[in-house]
Amino acid sequence: MSELQFIQSALEQTARRRRLARALHGGWIGLLVGSALWLLGIGIYKLAPVSIGWLAGAGMLALGCAFAGFIAGGWRKASLNETARWVDMRQNLKERLSTALEVSSQPSGSTWNGLVLADAAMSIRGLDPRRLVRFTLPMTARWALLLLCVGAGLGFVPEYRSPKFLQQQADAQHINETGRQLAELTRHELQRRPPALEVTRHSLEAVADLGDELARETLTRGEALRELASASDQLKELLRQLADNPALKKLEQAARTSGGRESQTATEVQREIDALQQQLGEQAGRPEVLEKLQHELMKAQQTAQALRNAAGGSQAAAQEQLSASLAALAQQAEQAGISLPQLDEALAALAANQIESVSQALEAALTDLERRRDLADKLQQLQAQKLGKDLAEQLQQGQVAAAVQSLKKLAEQLWSAGLSPEQLQRIREQVADAVAPAEEYGRLAEWLQQAGQQLQQRNPPMAAQSLTAAAKELEDLLQQLADAGALMTTLENLQAASHCIGTGQGWSLSQQPGTGGSSRSSAGFGAWADQHHAWSNPGSWAGSGGESSTAGTGIGSRDFSDGDPTLREPLTPARVKGQFSPGAPMPGITLKGVSLKGQSTVQYEEAVITAQADAQAALSQEKVPRAYQGAVRSYFDDLKK
Amino acid sequence: MCFVVWNQKPMNTEQHIQSFRNTYAALQNEIVKVIVGHTAIVEHTLIALFGGGHVLLEGVPGLGKTLLIRTLGEVLDMPFNRIQFTPDLMPADILGTNLVMETDTGRREFQFQRGPIFAHLILADEINRATPKTQSAMLEAMQEKQVTAGGELRKLTEPFFVMATQNPIDQEGTYPLPEAQLDRFFFKILVGYPSAADLNEVINRTTTGTKTEVNKVLDRDTLMDLMKLVREVPVASHVKDYAVRLVLATHPKTDTAAPIANQYLRFGSSPRGAQTLILAGKVRALAQGRFNVSFEDIQAAALPALRHRLIPNFEAEAEGITTDHIIAQILRDVPVTAEMVDA
């Protein structure tokens, strides 16, 4: 090995080792930078409300920095000349190596070249690259390790999250969950009852999409409520348009009064009516009588409660007044044929000055009266829903499904040959009688008139066609009614979602009666809302819709007293503390909603929407006395404007 | 003991280098017999000698400047002249003049009478006491190694060294040397006061009646050979580059200027500064037994080679900043090579 080769070999080894050392050094610097960034990321994560992805990102960045530093450090390959200069400096060789390398590249022959090379070779005879380039932990590495340790320690420190942020996070999660529920319910509704009208289908799909959006996006409570309110408004507008159709209105009223009992035979209904009348008596079957008695009894109960707090002379006077009113009540009940033994017990307790027992007896009497009132309501409904005997009567009573069946039956009769003139006459008379009540069902009257004329002209096939068309008209109306029902169900779901988001309650909680849910929240929905609870109960739709929609009148019952017996109990109105007398000053009412204490951080719009949802819930749960319901509704409607 | 090394057979390069080292060491040994202390000054003087340049020694009177040059003249076996510069010294007194001479035949004719400049080694004592006119008489001789006298150009015999001394310019009766002449000096060496030990030794040597004898150790031809040898020493490109960057850093208001040069210099070094750095580095490398020039050699030569080539501005003079301060700062500012900065 020549002197030059010896020098080059030593320098190559040194260069390789130096390159690795540079790469390691770069790696340590990268790790230091990455550690600092990671520490910063942890610090931000611990203090600021950022996602945990930050932390992972910072960790990846730290590793990336270390790797990038390693690559950058070892990227450049130092030339032998550079290495020679570096070794010259490190070993204090006074530029022997670098000069030797340089002169060796020049044309040889000079004695000086040999001298310089020999001198350089001699100077590095004991050179050990491993000792020259040592792989030790530089200060950078120590700092990097320290930062990593600090970062790891910081990992055990719990994160600080402001109550506002936690609330926002919970809200967002809640909104997502509510959106998911809304989307699922709406799609289920779409699948179960595909809407007949295109506009209805679009509206329902829009609501499902809104549910998806709520489930997917991160929205604030205000934004979510605004979206829901906007969707609700659209559905309400659609419902209003449907409600403008007088035929549909008639159908809806008929459905409400019939209670969905068309599928029962008239005999069964009559039997039930008789049983209830026997149970209630002549007078007791009238709800207004029972309501009056209930009202008087509530007054007496308030007096009894006031008596407990009264003292001295005022107590005696009040006791006497209560005794008189109870006696009058007992007399009224007897005249109405209602047996209320609790009143006698109350009088006896009053005489014995046992005020507590008086209250208990009056409470029991009120419960009894309420039960009777429910029975009386039921009786009234049953009386109203007896199936009409012919087409005219069915149309008059709004028994549309039965009317459709009757029309089809008549059409079939007309199609079949061999009808006697008397039979034709009877059919013509039946059709002619039905024209007047059919005026309220769109073009039905026209079809019936046409059929009547055709029958008069002895043209049964054409009359049969007209009657089929009339039946089709009614079926279309029923389908539209079903669409309206689907819209109502979806609207209720939207209301429930609004309530959920507004109050922070879960979907299932908001669906339960008495918790501000939407199960009975029909009041306040424009034209439809002015009715009682029609169109409003998704549970009832589910229970009595579907099959019954075509079998009977096709209209689901809105009466809570029938349908699924398991639903009946939770839907029974619960007694609430405090009884209100119409006309008296309105006492304070506690409405469930977001608890706002101290400085409000809630947006005004959000607060209004929440309050509206709460008010709606309170109205639907009859927490607000009937006398004040209009005022409360108009107040919140004004707020909305 | 005599250290004469000339009159030897032809030598190869290695022997030549060894001969240089021996001669250098012998010269040093002889000079230090007379000169006490001032090791660096002696070294710089010898470097200038082998580098083929002139030397300017500056110091207050009585510090041994003249003695050093005179001793050097004694150890070199070459014609040596001393010129004492005074305010009334005329150029002809240095260069020589035409005199009317009578020939053997009785004819009178002008003959050029050579001045003291016609020697190998000139001691220009207190050079700044002469007027600028007289000082300028040295310019041509120092750079071109020739003089023009009596309308004729006359070559000086090589080697030709001017070893000048001067008193600090703020002293009475001095005329500052023009920049052009200063630039012709290879080194400007500052002679400082001796230390206590050196002063003791000076007293011992000069007050006891003992006389120190010095030997001649170098003749003209050998010196010429060694000067030639010096120029053969290889210099790596990055070392040359360092010398160039040092010189460029002294040029104010340029891209390469060091900050301190911009602040305190009016003019930077001429290219002669870079030449001097390299030549001085070569001599030093050989003297230290190396075959190549190192950064350290360049740095060691920077002060004597550049201090008289930098012209400070008014601000520097007002603040008492000397060129030595500026050069020291430039040496700190200019990195030897980029790789070494990384390392």
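**Two chains, their interface and the folds of chain B**

In this structure, 16 residues of chain A are in contact with 24 residues of chain B. The model is a predicted one, and the description below begins where the two chains meet before turning to the interior of chain B.

The size of an interface is often expressed as the accessible area that is lost when the parts come together. For chain A and chain B, the buried area is about 1,900 Å², and 63% of it lies on carbon and sulfur atoms. Three residues deserve attention here: A:Arg85, A:Lys94 and A:Trp112 contribute 37% of the area that chain A buries against chain B, more than any other three residues.

What kinds of interaction cross this interface? The rule finds nine residue pairs in polar contact between chain A and chain B. Helices contribute to the side of chain A that touches chain B: α3 (80–91), α4 (96–104) and α5 (111–123) of chain A each supply at least two residues to it. By character, the residues on that side of chain A comprise six nonpolar, three polar and seven charged.

The interface of chain A and chain B also holds one salt bridge. Its partners are A:Lys94 and B:Glu296, whose closest N and O atoms are 2.9 Å apart. Over all chains, a search of the whole structure finds 39 salt bridges. A:Lys94 is located in the loop between α3 and α4 of chain A, while B:Glu296 belongs to helix α12 (residues 295–306) of chain B, so this pair joins two chains.

Attention now turns to chain B. Strands of a sheet pair through backbone hydrogen bonds, and the pairing may be parallel or antiparallel. Chain B contains an open sheet of five strands in the order β3-β6-β9-β1-β10, with parallel pairing. At its edges stand β3 (80–84) and β10 (185–190) of chain B, each of which pairs on one side only. On average, neighbouring strands of this sheet are turned by 15° against each other, direction ignored.

One pairing within the sheet can be followed in detail. β3(B) and strand β6 (residues 121–125) of chain B are joined in the parallel sense over five bridges. Within this pair, B:Asn81 stands opposite B:Ile122 of β6(B). Which helix lies across β1, β9 and β10 of chain B? Helix α2 (residues 39–51) of chain B does, crossing β1 (54–58), β9 (161–166) and β10, and it runs at about 175° to β10(B).

The antiparallel sense is found in another part of chain B, where strand β7 (residues 146–149) pairs with strand β8 (residues 152–155) over four bridges. There, B:Gln146 has B:Lys155 in β8(B) as its bridge partner. The strands β7(B) and β8(B) form a hairpin with two residues between them, and B:Gly150 in the turn has a positive phi of about 60°.

Two features of the backbone remain, and each is found in a loop of chain B. B:Glu158 and B:Pro159 are joined by a cis peptide bond, with omega about -10°; B:Pro159 is placed in the loop between β8 and β9 of chain B. B:His38, in the loop between α1 (13–34) and α2 of chain B, has a phi near 50°, which is a positive value in a residue other than glycine.

Note on methods
Residues are numbered from 1 along each chain as its sequence is written. Chains are lettered from A and ligands numbered from 1 in the order in which they are written. This is a predicted model: local features need pLDDT of at least 70, side-chain atom pairs count only at pLDDT 80 or more; totals for chains, interfaces and linings use all residues. Side-chain values use heavy atoms; hydrogens and water are left out. Contact means heavy atoms within 4.5 Å. Buried area is the accessible area (1.4 Å probe) that two parts lose on being put together, summed over both. A salt bridge is a side-chain nitrogen of Lys or Arg within 4 Å of a carboxyl oxygen of Asp or Glu. A polar contact is a pair of N or O atoms within 3.5 Å; within protein, one must be able to donate a hydrogen and the other to accept it, and residues adjacent in sequence count only if both atoms are side-chain atoms. Ala, Val, Leu, Ile, Met, Phe, Trp, Tyr, Cys and Pro count as nonpolar, Asp, Glu, Lys and Arg as charged, and the others, Gly among them, as polar. Two strands pair if DSSP finds at least two bridges between them. Axes are lines fitted to C-alpha atoms, for helices over the stretch in contact, and angles run from 0 to 180 degrees between N-to-C directions.
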